[in-house]
Amino acid sequence: MITCEFDEWGQPYVRCEIILPRLDISYQIRFLVDTGAYKTCVHAWDAGRMSIPFDLLQDRRESFGIGGSSLYFNENAYLIFNDGNLTRVYRVELLIAEPGGNVAEGFPSLLGRDLLHNWEMTYSPMRDRLEFEVLSAYLTLENE
């Protein structure tokens with residue numbers, strides 16, 4: 001079971017390790033769970049801490065959301081979740097926000113439906129609980 005933590009405003013976050021193999025980057029990230037986002041996105045605050053070399057990014061594209069359009073780079077990534085006894089690995093096409101774009105500074109990175117479709121969600125706001133039962137993963141490893 002993958003569990004979320006809630007911030008002071010009741011927003012659910014999930015932690016995982018993100019690996020960008022082409023850029024040789026590994027980073028512990030906290031994603032805001034966003035069932036409205038169709039793709040998983042890394043925004044400026046996390047991108048800066050990851051030291052992403054934007055001059056090496058390719059595949060620039062426009063993405064549309066509630067706030068209008070923003071420019072992102074598409075990058076292959078692995079997201080690794082530890083749910084106690086098991087480690088779940090997912091291969092995703094991650095969107096990385098272009099610096100200085102329309103996405104507000106400080107906006108959290110988002111875990112979107114591209115990954116959430118692999119899980120079944122149980123949500124209890126009265127108990128501050130959001131849990132995911134894993135239905136599928138790219139790779140599942142047993143923890144020792």
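## Group meeting: a walk through the model

Let's start with Tyr138. Tyr138 sits in the loop between β11 and β12. Keep in mind that this is a predicted model. Is Tyr138 buried or exposed? Its relative accessibility is 54%, so Tyr138 counts as exposed; the cut-off for that class is over 50%.

What does Tyr138 touch, once neighbours within four places in sequence are set aside? Tyr78, Val89, Tyr90 and Arg91. Take Tyr78 from that list. Tyr138 and Tyr78 are 60 residues apart in sequence. In space, the C-alpha to C-alpha distance is 9.3 Å.

Tyr138 also belongs to a surface patch. Together with Leu139 and Leu141, Tyr138 makes a nonpolar patch of about 300 Å². Leu139 is in strand β12, residues 139–142. Leu139 has 39% relative accessibility, so Leu139 counts as partly exposed.

Next, the sheet that holds β11. Three strands form an open sheet, in the order β1-β11-β10, and the pairing is antiparallel. Which strands are at the edges? β1, residues 2–3, and β10, residues 119–124. Each of these edge strands pairs on one side only.

Look at β10 and β11 together. β11 covers residues 129–134, and six bridges join β10 to β11. Two of the partnerships are worth pointing at. Ser124 has Arg129 as its bridge partner in β11. Tyr123 has Leu130 as its bridge partner there.

Now the turn of this hairpin. Four residues lie between the strands β10 and β11. Asp128 takes a positive phi in this hairpin, near 50°.

A word on strands in general. Side chains in a regular strand alternate between the two faces of the sheet.

Back to Arg129, for its side chain. The side chains of Arg129 and Glu131 meet in a salt bridge, at 3.5 Å from N to O. Arg129 is partly exposed, at 27% relative accessibility.

How many salt bridges are there in the count? Seven. Let me take two more of them, Arg15 with Glu5 and Arg30 with Glu5.

Arg15 and Glu5 first. Their side chains form a salt bridge with an N to O distance of 3.0 Å. Arg15 lies in strand β3, residues 12–20, and Glu5 lies in strand β2, residues 5–6. The pair therefore ties together parts that are 10 residues apart in sequence. Arg15 counts as exposed, at 52% relative accessibility. Glu5 is partly exposed, with a relative accessible area of 30%.

Then Arg30 and Glu5. This salt bridge is 3.5 Å, N to O. Arg30 lies in strand β4, residues 25–33, while Glu5 lies in β2, so this pair ties together parts that are 25 residues apart in sequence. Arg30 is partly exposed, with a relative accessible area of 31%. Put the two pairs together: Glu5, Arg15 and Arg30 are linked in a network of salt bridges.

Now to the inside. The largest nonpolar core has 32 residues. Which residues have the most contacts inside this core? Ile18, Phe81 and Trp119. Several elements give two or more residues to the core: β3, β4, α1 (44–50), β7 (68–82), β8 (86–97), α2 and β11. Which element gives the largest share? β4, with five residues.

Stay on Trp119 for a moment. Residues up to four places away in sequence are not counted here. Trp119 touches Ile2, Phe81, Tyr90 and Leu111. Trp119 also touches Phe132, Glu133, Val134 and Leu135.

One residue back is Asn118. Where is Asn118 found? In the loop between α2, residues 113–116, and β10. Asn118 counts as buried, because its relative accessibility is 18% and the cut-off for buried is under 20%. Its contacts, again without residues up to four places away, are Tyr90, Glu133, Val134, Leu135 and Ser136.

Let me close on Tyr90, which comes up in three of these contact lists. Tyr90 is touched by Asn118. Tyr90 is touched by Trp119. And Tyr90 is in contact with Tyr138, the exposed residue in the loop between β11 and β12.

Technical notes:
Residues numbered from 1 in each chain as written. Predicted model: local features only at pLDDT ≥ 70, side-chain atom pairs only at ≥ 80, totals over all residues. Heavy atoms only, no water. Pairing = 2+ DSSP bridges. Patch = residues over 30% accessible without salt bridge, like charges linked within 9 Å, V, L, I, M, F, W, Y side chains within 5 Å. Areas by Shrake-Rupley, 256 points an atom, 1.4 Å probe, with all protein chains shown as cover. Salt bridge = Lys/Arg side-chain N within 4 Å of Asp/Glu carboxyl O. Buried < 20%, exposed > 50% of the residue type's maximum accessible area, 1.4 Å probe, protein only. Contact = heavy atoms within 4.5 Å. Core = buried A, V, L, I, M, F, W, Y, C linked by side-chain atoms within 4.5 Å.
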